[in-house]
Each structure stands twice: as structure tokens, then as C-alpha cells.
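Here is a short set of exercises to work through with the model open in your viewer. Try each task before you read its solution.

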Amino acid sequence: MITAMLELNHIYNMDCVEGMKQLPDDSIDLTVTSPPYDNLRNYHGYAFDFPAIARELFRVTKPGGVVVWVVSDATVKGSETGSSFRQAIGFQEAGFNIHDTMIWVKTGGGGFGSIYCYMQNTEYMFVFSKGKPKAVNLIRDHKNSHVGAKKTGHGRRFADGVTNDENGKTRIVPEFSKRNNWWYYPRSRGYEDHPATFPEELAGDHILSWSNSGDVVLDPFMGSGTTAKMALANGRSYIGFDISADYCAMAERRIAEVTAP
């Protein structure tokens, strides 16, 4: 139980700002979400109060906690809106650090934007942290081509702040290194009739990267329930909100795919 009114592993059909106001300070380890950005998707006509959401997310996030904000921009009268960048600055103004600006590369791009631009098949995945992240479990699946080789490159700086020229350190190239900050996932086909389901692997990889087993994962725009499903599948608890009763019911059906015997 997270409060007397709100319980873990539950999705609440309510405005996320009102919902988050019922959460205690410093109670959430990780948020993974994708807001209804610009006019790219039809979210039952719902518009959200971004400044209030950023303030509440900062308040409820634990010190060292992380918010992953997956977002893109519409193109209006020949210009991208830039909403994603304004929101990144808004999170910074709310108190967060911009820990990383990551990119989701997907197939099937080109549906949005100008016909005079290159095919658009990316979205931003901003990673915001409340101070220094407490959980950093970087995924290491980048296959190295020189496994076992010794590396001593001049001027290489190690974690202790000195270079190999100063301490003579060398390293052996491992089989795998941490991946790049652009992640490739095919576009999700969606779940039931939700218009903007992001891939389960995307949510799962962020949950593994920025939280630990037993942590609490929030999604204030729960939608079809991807974040909740992957939190549960990876040994975390979840809590979420969505203004649409239809989407809440949809998400509960999807979560049952994990919880059903």
C-alpha cells in the first residue's frame, strides 16, 4: 500500500495530476510514460496540464529516481512544434536533471511531418533524474569486434579520474559493451484499439536500466498498460492513472496476461 487511498499494482481512472496529488512525497522510484503529445494521436480529446505534471512528478519522485518521457512533435504549417524540447526545459525548471537525451529508432516512419523532410522514424526518450540516479543498470549487449584485446589508448580517462598515462592502466576488451543511447525497436502494432502503444521491449529496457527489483514504477498516462505489464514482469510494482475508463479496462486486461496463471 502506498497511501490510505491509493494502492500499488492498481490503475486509477482519474486525471493524473489529481492522482499524483494523493501520492506521498518521494514515493516513486521510476516513471516511464508517453504523454499525448501535440495533435499526433487522438486521446479521447484529453488535454493535459504539463507544468502541473512536471511539478507533481518532481515531488513524488524519490531522490535518485528517474522519469523517462517518450515524446515527439507534430509539424504545423511547415514547422515542427518543438514541444518536446520545451517540455525537457520544463522538467529542468521543475528541478530535474536532464540525465540523457535518448532516441527511439523505429520502423514504419514517415507518417508524420512534412513531405519535404526525410522519413521521420524516431522519437525522443528523455531521461530525467532527481539528483544522481540511484539505479544505473546499463544494458550491455553491444557486441565488440576485438574481444580479448588489450586497450591502452593514450589519454583514456578512467572512473578514478586519472588517465592511463598517469597510472599505466590497461583494459581487456569484453565480449559486450554498453549499448548506444539510440535504441531500435520496430513500431508496435498496438494493443486492441489503443492508438499509441509503445513496444514492450522499450518499457522493459528502461525499467531494467533505471530501477531495481521491488521498486515502484509509475505511469501517469497508462494507456494500454505497457509500463505496468513490464514492471510486473520484471519484479517491480506499478501504479498508474488514465483519464479514459476504456483505456483503464484495456490495461487491466493486458496486465492479466502477466498475472493470470
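Helices (H or I, at least four residues) and strands (E, at least two) are DSSP runs, numbered from the N terminus. The expected span of a helix is 1.5 Å times one less than its number of residues. Before you start, note that this is a predicted model, where local features need pLDDT of at least 70 and side-chain atom pairs count only at pLDDT 80 or more, while totals for chains, interfaces and linings use all residues. Residues are numbered from 1 along each chain as its sequence is written, and side-chain values use heavy atoms, with hydrogens and water left out.

**Exercise 1. Helix α3**

Task: work out how the span of helix α3 compares with the expected one, and which of its residues are buried.

Solution:
- Step 1. Helix α3 covers residues 83-94, which is 12 residues. From first C-alpha to last it reaches 16 Å, close to the 16 Å expected at 1.5 Å a residue.
- Step 2. Now for burial: buried means under 20% relative accessible area, exposed over 50%, and partly exposed in between (1.4 Å probe, protein chains only). In α3 the buried residues are S83, S84, Q87, A88, G90 and F91.
- Step 3. These residues cover an arc of only 160° around the axis (taken from the directions from the helix axis to the C-beta atoms), which puts them on the same side of α3. The face turned away from that buried side carries the exposed residues R86 and E93.
- Step 4. What sits on top? Using contact as heavy atoms within 4.5 Å, the cover over the buried residues of α3 includes α2 (50-60), β3 (61-71), β6 (97-105) and β7 (122-129).
- Step 5. Just past the helix, G95 takes a positive phi of about 125°.

**Exercise 2. The start of α3**

Task: for S83, find the polar contact made by its side chain.

Solution:
- Step 1. S83 lies in helix α3, and because its relative accessibility is 12%, it counts as buried.
- Step 2. A polar contact is a pair of N or O atoms within 3.5 Å; within protein, one must be able to donate a hydrogen and the other to accept it, and residues adjacent in sequence count only if both atoms are side-chain atoms. The S83 side chain has one with the side chain of T81, at 3.2 Å.
- Step 3. Look back along the chain too: D73 is 10 residues from S83, and their C-alpha atoms are separated by 6.1 Å.

**Exercise 3. Aromatic rings**

Task: classify the pair formed by W69 and F91, then do the same for Y124 and F126.

Solution:
- Step 1. Rings of Phe, Tyr and Trp (its six-membered ring) pair if their centres lie within 6.5 Å; planes under 30 degrees apart count as stacked, over 60 as edge-to-face and the rest as tilted. The structure holds 13 such aromatic pairs.
- Step 2. W69 and F91 come out at 4.9 Å centre to centre with 70° between the planes, an edge-to-face pair. W69 is in strand β3 and F91 in helix α3, so the pair ties together parts that are 22 residues apart in sequence. W69 counts as buried at 0% relative accessibility, and F91 is buried at 0% as well.
- Step 3. For Y124 and F126 the centres are 5.5 Å apart and the planes at 25°, so this pair is stacked. F126 is buried too, with a relative accessible area of 3%.
- Step 4. Ring pairs link F50, F58, W69, F85, F91, F96, Y124, F126, F128 and F221 into a cluster.

**Exercise 4. Charges over rings**

Task: find which rings have K130 and R179 over them.

Solution:
- Step 1. A charge sits over a ring if NZ of Lys or CZ of Arg is within 6 Å of the ring centre and within 35 degrees of the ring normal.
- Step 2. K130 lies over the face of F58, 4.6 Å from the ring centre.
- Step 3. R179 has its charged end over the ring of W183, 4.7 Å from the centre.

**Exercise 5. T226**

Task: describe the surroundings of T226, starting with the residues it touches.

Solution:
- Step 1. T226 is in helix α6 (residues 226-233) and counts as buried at 3% relative accessibility.
- Step 2. Leaving out residues up to four places away in sequence, T226 touches T197, F198, P199, E200, A203 and R254.
- Step 3. With R254 there is also a side-chain polar contact of 2.4 Å.
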